[in-house]
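Biologist: Before I rely on any label for this model, I want to know what rule stands behind it. Please show it first.

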Amino acid sequence: CKECLEKIKNGYIDIVKPTTVIVVVIEAVTKCDLSQKILLESHHGEFYRTAEVVNGFVDQLNALASEVTRVACEFGTQGKLGGQVVVKGVRGTWKNLADNVNAMSTNLTSELRTITEVVEAVIKGDFTRNVAIEAGSEVGTLRNNINKMISNLESASRIKSQFMANMSHEIRTPMNGIIGMTELTMDTELKPEQREYLEMVLSS
């Protein structure tokens, strides 16, 4: 009968329509579009539960993407160290992603702070410290270059100190002779002008 066919048609629509909406949202997620969600008011029963699960998934991805972006911006753009991704209820692969980002942030923060402390010590003239971090690639190269710079500065400082000590000795020896000769000369008969000159030598 016509009425039966209409009921079957409506039932089919009730089944297909929510399924289509769910597919649209999931397809959007696969394209990295997290702006699509399912209107829960238009569903009931098992479809309502499915819609809740899909929306929860989209919300969690949104939160994760937002947190990862925040930490990346803080570190890369603002120069703020120590940022951590915080997303409640995240599990599985998404938790691994959050954990890996947090581990990267922690390691880079620790390495940069260690480098900063050593460079600050060098600025204050302390050449006894070295950057002691386990790192590869660019950070490892930076560590090696800084440690080499510190070694070179320490060598230059030592050479400078030795040079100054030697110069001081070389200058002091003839100066002592000059002072001794001046004092002996002061004990002789001198004109006032001559004595004044010698006193200037001794006082200088």
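Modeller: The questions below go through the labels one by one.

Biologist: What kind of model is this, and which pLDDT limits apply?

Modeller: The model is predicted: local features need pLDDT of at least 70 and side-chain atom pairs count only at pLDDT 80 or more, while totals for chains, interfaces and linings use all residues. Residues are numbered from 1 along each chain as its sequence is written, and side-chain values use heavy atoms, with hydrogens and water left out.

Biologist: How do you know how many helices and strands there are?

Modeller: Elements are DSSP runs numbered from the N terminus, with helices being H or I of at least four residues and strands being E of at least two. By that rule the protein chain has 5 helices and 0 strands, in the order α-α-α-α-α.

Biologist: What makes a residue count as buried, exposed or partly exposed?

Modeller: Buried means under 20% relative accessible area, exposed means over 50%, and partly exposed lies in between, with a 1.4 Å probe and protein chains only. Of the 204 residues of the protein chain, 20% count as buried.

Biologist: Why is phenylalanine 57 called partly exposed?

Modeller: Phenylalanine 57 is in helix H2. Its relative accessibility is 34%, so it counts as partly exposed.

Biologist: What makes a nonpolar surface patch, and which residues form one here?

Modeller: Patch residues have over 30% relative accessible area and no salt bridge; like charges are joined within 9 Å, and nonpolar side chains (Val, Leu, Ile, Met, Phe, Trp, Tyr) within 5 Å. Phe57, Trp94 and Leu97 make such a nonpolar patch of about 250 Å². Accessible areas come from the Shrake-Rupley method with a 1.4 Å probe, and for residues only the protein chains shown count as cover.

Biologist: What makes a set of residues a nonpolar core, and which residues are in the largest one?

Modeller: A nonpolar core is a set of buried Ala, Val, Leu, Ile, Met, Phe, Trp, Tyr and Cys residues joined through side-chain atoms within 4.5 Å. The largest has 8 residues: Ile22, Val25, Val29, Ile38, Ala51, Val54, Val58 and Leu61. Helix H1 (2-30) and helix H2 (45-76) each supply at least two of them, and H2 gives the most, with 4 residues.

Biologist: Which residues is isoleucine 22 in contact with, leaving aside its neighbours within four places in sequence?

Modeller: Contact means heavy atoms within 4.5 Å. With those neighbours left aside, isoleucine 22 is in contact with Ile38, Thr50 and Val54.

Biologist: Why are arginine 70 and glutamate 74 called a salt bridge?

Modeller: The rule asks for a side-chain nitrogen of Lys or Arg within 4 Å of a carboxyl oxygen of Asp or Glu. Arginine 70 and glutamate 74 meet at 3.1 Å, N to O, so they satisfy it. Being 4 residues apart in helix H2, they are separated by about one helical turn. Arginine 70 is partly exposed at 29%, whereas glutamate 74 is buried at 11%. Both belong to a salt-bridge network with Glu67 and Lys80.

Biologist: How many salt bridges does the rule give?

Modeller: The count comes to 7. One of them joins glutamate 117 and arginine 129 at 3.7 Å, N to O. Glutamate 117 lies in helix H3 (residues 92-123) and arginine 129 in the loop between H3 and helix H4 (137-186), so the pair ties together parts that are 12 residues apart in sequence.
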